[in-house]
Amino acid sequence: DFTFVTDKVDAFLRTGSYEPALGQEINAGSGSTVSIGELAAKILALVGRELPIVCEDERLRPAHSEVMHLHAAAHKARELIGWEPKVSLEEGLRQTIDWIRDHLALYRPGKYEV
């Protein structure tokens, strides 16, 4: 059950079927931010592993990058189409982890792919 996927689909359907929302930018997100390091730590905790988080310089965002933080300000979704996320980040991660565990044959651990 990928509830967090249907959560996003609900936002898209509401946006596409509500005339005043057409042509507007509407973020379907939690309204909060999380760093990649924090996300990795959450995932490790959820899978019950203690591993070092290794950061490689060539994979870091450049110092003068145009985007340093991604933040889905969801206030317009809430106000215009009455949408709020129903699934927390942790629950969405749990669902994703469960799905990956059930479909490990689709993955190549240890190989970095973009």
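**View 1. A nonpolar surface patch formed by Trp99, Leu106 and Tyr107.** In this predicted model, the side chains of Trp99, Leu106 and Tyr107 together make a nonpolar patch of about 310 Å² on the surface. One of these contributors, Tyr107, lies in the segment that follows α4, the helix spanning 89-102.

**View 2. Tyr107 and its accessibility.** Tyr107, located in the segment after α4 (89-102), has a relative accessibility of 38%. Because residues count as buried under 20% and as exposed over 50%, with partly exposed in between, Tyr107 is classed as partly exposed. The residue is also a member of the nonpolar patch that includes Trp99 and Leu106.

**View 3. The helical elements of the protein.** The secondary structure consists of four helices, with zero strands, and the order of elements, read from the N terminus, is α-α-α-α. Of the contacts with a separation of 6 or more, 76% are accounted for by residues that are 24 or more positions apart.

**View 4. Overall dimensions and exposure of the protein.** Taken along the principal axes, the C-alpha atoms fill a box of roughly 45 × 40 × 20 Å. The radius of gyration is 17 Å, whereas a compact globule of 114 residues would have a value near 13 Å. Buried residues make up 15% of the 114 residues, and the protein exposes about 9,100 Å², of which 56% is supplied by carbon and sulfur atoms.

Note on methods. Residues numbered from 1 in each chain as written. Predicted model: local features only at pLDDT ≥ 70, side-chain atom pairs only at ≥ 80, totals over all residues. Heavy atoms only, no water. Patch = residues over 30% accessible without salt bridge, like charges linked within 9 Å, V, L, I, M, F, W, Y side chains within 5 Å. Areas by Shrake-Rupley, 256 points an atom, 1.4 Å probe, with all protein chains shown as cover. Salt bridge = Lys/Arg side-chain N within 4 Å of Asp/Glu carboxyl O. Helix = DSSP H or I, 4+ residues; strand = E, 2+ residues; numbered from the N terminus. Buried < 20%, exposed > 50% of the residue type's maximum accessible area, 1.4 Å probe, protein only. Rg over C-alpha atoms; globule rule 2.2 N^0.38 Å. Contact = heavy atoms within 4.5 Å.
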